[in-house]
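These are my notes from one session with a structure file. I went residue by residue and then turned to the whole chain.

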Amino acid sequence: MNDSHTASRRSALVELATNLRWTWDAPTQRLLEDLPGADAHVHPVRTLEALSDASIRSFVELRASEIDQRHAELSAVVNGAVEGGAPERAIAYFSPEFGVAATVPQYSGGLGILAGDHLKSASDLQIPLVGVGLLYREGFFHQQIVDGRQQERYEVIDPADIGASDTGAMIVVPVAGEQVRVRVWQQMVGATPLVLLDTDVVGNSDTARKITDRLYSGDRRHRLDQELILGVGGVRALRALGIAPLVFHLNEGHACFLLLELLGELVDTGMTLS
């Protein structure tokens, strides 16, 4: 197998690992689980990054036809959704957490699992939906028991290590007198995009940079700031990406500030509240 074929299939493996469709597509999941050094607790993107060129070449030579088939299936799913509908997504699904996979620690419990399942179902059913959430740099904590007492241990997350890509979009949201800059990331869940907002941006204050650090920190002010970023920032992020939903769905009240942002847009067009 020549170098160009190896490079092409390596790129295909990266796409298969990055797009979270593998979390419910059993054949792709088995393929990625067979990668040298694969660990169920580690995202396959990180596994691929750690492999040597020799290991990749050996794996690609052994599983070439399977890689081609799985990648063709993924491409058909993603491209079919793009060709079958308008560029904008008809439904924007706002949630503070999305539980798509254990190796993507951006959820806490049932609310997140429900939201993640909606993204997967939307992909399978070709429903034009886009998820909108926050990118938590420290995700959820790992529990340790020391001297009979619980201690929390957080790990800093590199967005690339969970399959998120930088869209290049940057928006601004006013929070407590500061113009907070928000970076817009995106993950693909099959054919469904998941937009994630991140305040850990150079130029923000230390307080602002920590707004999206942890899910459900327990601090009421922190929670309020997160809801501002999710609601107001989520609408602005969609606008920056050229997405104009017909429906905005709130998964409980966590994104309630999006209603004020939408009202503000209407007022800016000349409408009044009376």
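I looked up E261 and found it in helix α8. For helices I used DSSP runs of H or I with at least four residues, for strands E runs of at least two, both numbered from the N terminus. E261 is buried, at a relative accessible area of 14%. I call a residue buried under 20% relative accessible area, exposed over 50% and partly exposed in between, with a 1.4 Å probe and protein chains only. I listed V232, V235 and R236 as the residues E261 touches, leaving out those up to four places away in sequence. Contact here is heavy atoms within 4.5 Å.

The model is predicted, so I kept to its limits: local features need pLDDT of at least 70, side-chain atom pairs count only at pLDDT 80 or more, and totals for chains, interfaces and linings use all residues. Residues are numbered from 1 along each chain as its sequence is written, and side-chain values use heavy atoms, without hydrogens and water.

Entry on E252. I placed it in the loop between β8 (247-250) and α8 (257-268). Its phi is near 65°, which is positive although the residue is not glycine. E252 is exposed, with 52% relative accessible area.

Entry on α5. I counted 16 residues, 110-125. The helix reaches 22 Å from first to last C-alpha, close to the expected 22 Å at 1.5 Å a residue; the expected span is 1.5 Å times one less than the number of residues. Which residues of α5 are buried? I noted L111, G112, A115, G116, L119, K120, A122 and S123. An α-helix has 3.6 residues a turn, so residues three or four places apart point the same way.

After α5 comes Q126, in the loop between α5 and β2 (129-134). I read its phi as near 55°, again positive in a residue other than glycine. Is Q126 buried or exposed? It is exposed, with a relative accessible area of 62%.

Entry on G99. This residue is in the loop between β1 (91-94) and α5, and it is buried at 4% relative accessible area. Beyond its neighbours within four places in sequence, I found G99 in contact with Y107, G112, I113 and G116. I also checked G99 against A169, 70 residues apart along the chain: their C-alpha atoms are separated by 24 Å.

Entry on T28. It lies in helix α2, residues 26-33, and is buried with a relative accessible area of 2%. Setting aside neighbours within four places in sequence, T28 is in contact with L16, R21, W22 and R70.

Last, the whole chain. I counted eight helices and eight strands. What is the radius of gyration of the protein chain? It is 20 Å, which agrees with the value near 19 Å for a compact globule of 274 residues; the radius is taken over C-alpha atoms and the globule rule is 2.2 Å times the number of residues to the power 0.38. The C-alpha atoms fill a box of roughly 70 × 60 × 35 Å along the principal axes. Buried residues make up 45% of the 274. Among contacts with a separation of 6 or more, I noted 63% between residues 24 or more positions apart.
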